[in-house]
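Me: Please examine the structure shown below and answer a series of questions on its architecture.

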Amino acid sequence: MNRPLWICPRCGRTFANRNQTHTCASLGDVDRLFARSEPAVRAAYERVVAVARAAGPVEVLAEKTRIALHARMSFAAFMPRRRWLDGHLVLAREAAHPRIRRVQVFSPRNVLHAFRLDGPDDVDAAFAALVAESFEVGVQRHLRA
């Protein structure tokens with residue numbers, strides 16, 4: 001069973017760990033982050049969020065320069081650009097997909113997969129499966145296995 005989430009008394013964000021290091025800042029606006037992006041970039045983002053939400057409840061955190069998807073912990077992030085969407089997924093293993101540009105292993109169950117999407121068609125079934133798997137990391141199910 002998961003411990004209750006810790007809520008930062010200053011900013012109100014939730015975290016799996018008490019006194020989690022973070023920047024207390026007001027959340028921004030998703031629309032502002034996509035203001036200079038082509039419509040296909042926003043559509044790619046919306047497709048990934050829909051896949052994540054199909055896996056379970058997801059909180060969207062629009063920060064100053066990125067958008068994070070959060071459950072018990074943040075498991076995906078997006079940095080909109082004019083013609084593409086950069087981002088990353090956190091998985092509990094190394095995975096391959098044509099859209100993954102870089103993999104960073106922080107620990108055996110904390111592996112960052114940086115990606116670039118040009119539009120919603122880049123979110124194929126295999127990429128959608130990685131998003132759903134990343135949600136499982138976000139709710140920390142990988143720690144119970």
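Me: Across which strands does helix 3 lie, and at about how many degrees does helix 3 run to strand 6?
Reply: The model is predicted, so local features need pLDDT of at least 70 and side-chain atom pairs count only at pLDDT 80 or more, while totals for chains, interfaces and linings use all residues. Residues are numbered from 1 along each chain as its sequence is written, and side-chain values use heavy atoms, with hydrogens and water left out. Helices (H or I, at least four residues) and strands (E, at least two) are DSSP runs numbered from the N terminus; axes are lines fitted to C-alpha atoms, for helices over the stretch in contact, and angles run from 0 to 180 degrees between N-to-C directions. Helix 3 lies across strand 5, strand 6, strand 7 and strand 8 (110–117), and its angle to strand 6 is about 55 degrees.

Me: In what order do the six strands of the open sheet run?
Reply: Two strands pair if DSSP finds at least two bridges between them. The pairing in this open sheet is antiparallel, and the twist from one strand to the next averages 20 degrees. The order of the six strands is 3-4-5-6-8-7.

Me: Which are the edge strands?
Reply: In the sheet order 3-4-5-6-8-7, an edge strand pairs on one side only. The edge strands are strand 3 (59–62) and strand 7 (100–107).

Me: What is the bridge partner of glutamate 59 in strand 4?
Reply: Strand 3 and strand 4 run antiparallel and are joined by four bridges. They form a hairpin with four residues between them. The partner of glutamate 59 in strand 4 is histidine 70.

Me: In strand 5, what is the bridge partner of histidine 70?
Reply: Four bridges join strand 4 to strand 5, again in antiparallel fashion. The hairpin between strand 4 and strand 5 passes through three residues. In strand 5, histidine 70 is partnered by serine 74.

Me: Which residues of strand 4 point the other way from Ile67 and Leu69?
Reply: In a regular strand the side chains alternate between the two faces of the sheet. In strand 4 (residues 67–70), Ile67 and Leu69 point one way, and all the residues on both sides are buried, where buried means under 20% relative accessible area, exposed over 50% and partly exposed in between (1.4 Å probe, protein chains only). Pointing the other way are Ala68 and His70.

Me: Which residue of strand 6 stands opposite phenylalanine 78?
Reply: Strand 5 (residues 74–80) and strand 6 (residues 85–91) run antiparallel and are joined by five bridges. Opposite phenylalanine 78 in strand 6 stands glycine 87.

Me: Is histidine 88 buried or exposed?
Reply: Histidine 88 lies in strand 6. Among the residues touched by histidine 88 are Phe75, Leu112 and Phe115, a contact being heavy atoms within 4.5 Å. Because its relative accessibility is 16%, histidine 88 counts as buried.

Me: In strand 8, what is the bridge partner of glutamine 104?
Reply: Strand 7 and strand 8 run antiparallel, with six bridges between them. A hairpin through two residues joins strand 7 to strand 8. In strand 8, the partner of glutamine 104 is leucine 112.

Me: At what angle do helix 2 and helix 3 pack, and how is helix 2 placed relative to helix 3?
Reply: Two packed helices are described by the angle between their axes and the distance between the axes. Helix 2 (residues 39–55) and helix 3 (residues 125–138) pack at about 50 degrees, with their axes 9 Å apart. Angles under 35 degrees count as roughly parallel, over 145 as roughly antiparallel, 65 to 115 as roughly perpendicular and the rest as oblique. Helix 2 is therefore oblique to helix 3.

Me: How many nonpolar residues does the contact of helix 2 with helix 3 have?
Reply: Helix 2 contributes Val48, Val51, Ala52 and Ala55, and helix 3 contributes Phe127, Ala128, Val131, Ala132 and Phe135. Ala, Val, Leu, Ile, Met, Phe, Trp, Tyr, Cys and Pro count as nonpolar, Asp, Glu, Lys and Arg as charged, and the others, Gly among them, as polar. The contact has no polar and no charged residues, and its nonpolar residues number nine.

Me: By what distance are the C-alpha atoms of valine 139 and histidine 70 separated?
Reply: Valine 139 is placed in the segment after helix 3 and, at 12% relative accessibility, counts as buried. Valine 139 and histidine 70 are 69 residues apart along the chain, and their C-alpha atoms are separated by 8.5 Å.

Technical notes:
Lists of a residue's contacts leave out its neighbours within four places in sequence.
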